[in-house]
Amino acid sequence: MERLSWDQYFMAQSHLLASRSTCTRLIVGATIVRDKRIIAGGYNGSIAGGAHCTDEGCYMIDGHCARTIHAEMNAILQCAKFGERTEGAEIYVTHYPCVQCCKAIIQAGIKSVYFAKDYKNHPYAKELFEAAHVTVKKVPFDNFIELKVAKKEEI
Ligand SMILES: [Zn+2]
Ligand SMILES: [Zn+2]
């Protein structure tokens, strides 16, 4: 078996996390890494102990599911909860971050964003990342885990 690169390894972790998503609107995973060490992970889901979209349906407000905390936010908040420094860290996400997550990533001091799939790629998010000198790089991910997650997305 071919040895995974670090990028593929962390991206695999994000795809694995994505398979835990409870919001059916988008299956997303995020992994925060510092010095080649995973410090946090998150997926699209409800607050701890809250109702899941998969059980109760999405709670839609202005075209967005209000029940869900995005994977990137969940990963950053996990760092806040457990006292992990995010300054200078990197984040691996299955999809290009939305504007809200983009701002949270910048404000948390994360310096690099690696994403596997384009997702709306809002020009304002792009503009903010550039202004904050955050490196954004597409890391396509294609191995057996990707196939499994893709199958789940089709359902
Ligand atoms: Zn939802
Ligand atoms: Zn987001």
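1. Let's start with a pair of helices: helix 4 and helix 5 run roughly parallel to each other, because angles under 35 degrees count as roughly parallel and theirs is about 10°. Their axes are 9 Å apart, and helix 5 covers residues 123-131. Keep in mind that this is a predicted model.

2. Who touches whom here? On the helix 4 side, the contact is made by V99, C102, K103 and I106. Helix 5 brings Y124, A125, L128 and F129 to the contact. Sorted by class, that contact has 7 nonpolar residues, 1 charged residue and no polar ones. The charged one is K103.

3. Helix 4 (residues 99-107) also packs with helix 3 (residues 71-82). The axes of helix 3 and helix 4 come within 9 Å and cross at roughly 25°. That angle makes helix 3 roughly parallel to helix 4. As for the hand, helix 3 passes helix 4 in a left-handed crossing.

4. Which residues make the contact between helix 3 and helix 4? From helix 3 they are E72, M73 and I76, while helix 4 supplies C101, A104 and I105. The class count for this contact is 5 nonpolar, 1 charged and no polar residues. Here the charged one is E72.

5. Now step back to the whole chain. The protein has 6 helices and 7 strands. If you walk along the sequence, the elements come in the order α-β-β-α-β-β-α-β-α-β-α-β-α.

6. How compact is the protein for its 155 residues? The radius of gyration is 15 Å, close to the 15 Å that the globule rule gives for that length, so the protein is as compact as a globular protein with this number of residues. Along the principal axes, the C-alpha trace spans about 40 × 40 × 35 Å.

7. Last, the annotation. UniProt, in an unreviewed entry, lists residues 5-132 as "domain: CMP/dCMP-type deaminase". Over residues 5-132, the chain is 37% helix and 23% strand. The C-alpha atoms at the two ends of that stretch are 27 Å apart.

How values were computed. Residues are numbered from 1 along each chain as its sequence is written. Chains are lettered from A and ligands numbered from 1 in the order in which they are written. This is a predicted model: local features need pLDDT of at least 70, side-chain atom pairs count only at pLDDT 80 or more; totals for chains, interfaces and linings use all residues. UniProt positions are given in the numbering used here, feature names are shortened, and annotations may be inferred rather than shown by experiment. Helices (H or I, at least four residues) and strands (E, at least two) are DSSP runs, numbered from the N terminus. Axes are lines fitted to C-alpha atoms, for helices over the stretch in contact, and angles run from 0 to 180 degrees between N-to-C directions. Angles under 35 degrees count as roughly parallel, over 145 as roughly antiparallel, 65 to 115 as roughly perpendicular and the rest as oblique. A crossing is left-handed if the near helix is turned anticlockwise from the far one by less than a right angle, and right-handed if clockwise. Two residues are in contact if their C-beta atoms, placed from the backbone, lie within 7 Å. The radius of gyration is taken over C-alpha atoms; the globule rule is 2.2 Å times the number of residues to the power 0.38.
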